[in-house]
Amino acid sequence: MSAHPDGLTMGMSRARRSTPSAPSVAPCVFALAAVKVALRVAGFARTLHLIEWLTCRRVGGGCVVPDFVRAADRAVAVAAALYPGRALCLEQSLVLHYVLRHGGVSSTLRIGVHPYPFAAHAWVECDGEPVNDIREHTRSYTPLPNPPAGR
């Protein structure tokens, strides 16, 4: 690695900018706890707005890094399995949405319903493809319109 005039090591600075590091499970467990509290105290709209506000400067317009997306999905799934109590699909999807956006990946939180028998489900999509669910399962739900930004 060569020294750069601004004092940074060029190899490290380029690596950090090009690919985000894989998330670990422990921060995802804490994020699940924070999301559960935020949903209870502030509600869904404010929690989603907070996540998007916290990550708005990190989301890039570049391509999705499949390895990072898979690692983020895996970390959130393991965190949910280890979480004391139960982490619902909405809570897991909000955390995954945060982790992906924090890593610079543009993602969309989706919420869908089916009318009879009534059921609701939340998942995250990147480039129109579900990340934490399979396409066949998400097709059985009618997606609701995305919530307005800034509320």
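These legends accompany several close-up views of a predicted model.

**View 1. The whole chain, from helices to strands.** Welcome to the overview: the protein has 6 helices and 4 strands. Starting at the N terminus, the elements follow the order α-α-α-α-α-β-β-β-α-β. Of the 151 residues, 31% are buried. Among contacts between residues at least 6 apart in sequence, 64% link residues at least 24 apart. The protein exposes about 9,500 Å², with 59% of that area supplied by carbon and sulfur atoms.

**View 2. Helix α2 along its length.** Here we follow the 18 residues of α2, residues 25–42. At 1.5 Å a residue the helix should span 26 Å, and the 25 Å between its end C-alpha atoms agrees with this. Just after α2 comes Gly-43, which has a positive phi, near 90°.

**View 3. The two faces of α2.** Look for Cys-28, Ala-31, Leu-32, Val-35, Ala-38 and Leu-39, the buried residues in this helix. Viewed down the axis of α2, the buried residues fall within an arc of 135°, so they line one face of the helix. Their packing partners are α3 (44–55), α4 (66–82) and α5 (89–102). On the face turned away from the buried side, you will find Phe-30, Val-37, Arg-40 and Val-41, which are exposed.

**View 4. A nonpolar patch with Trp-53.** Leu-50, Trp-53 and Leu-54 together make a nonpolar surface patch of about 330 Å². Trp-53 belongs to helix α3. With a relative accessible area of 56%, Trp-53 counts as exposed, because the cut-off for exposed is over 50%.

Key
Residues numbered from 1 in each chain as written. Predicted model: local features only at pLDDT ≥ 70, side-chain atom pairs only at ≥ 80, totals over all residues. Heavy atoms only, no water. Helix = DSSP H or I, 4+ residues; strand = E, 2+ residues; numbered from the N terminus. Expected span 1.5 Å × (residues − 1). Buried < 20%, exposed > 50% of the residue type's maximum accessible area, 1.4 Å probe, protein only. Arc of directions from axis to C-beta. Contact = heavy atoms within 4.5 Å. Patch = residues over 30% accessible without salt bridge, like charges linked within 9 Å, V, L, I, M, F, W, Y side chains within 5 Å. Areas by Shrake-Rupley, 256 points an atom, 1.4 Å probe, with all protein chains shown as cover. Salt bridge = Lys/Arg side-chain N within 4 Å of Asp/Glu carboxyl O.
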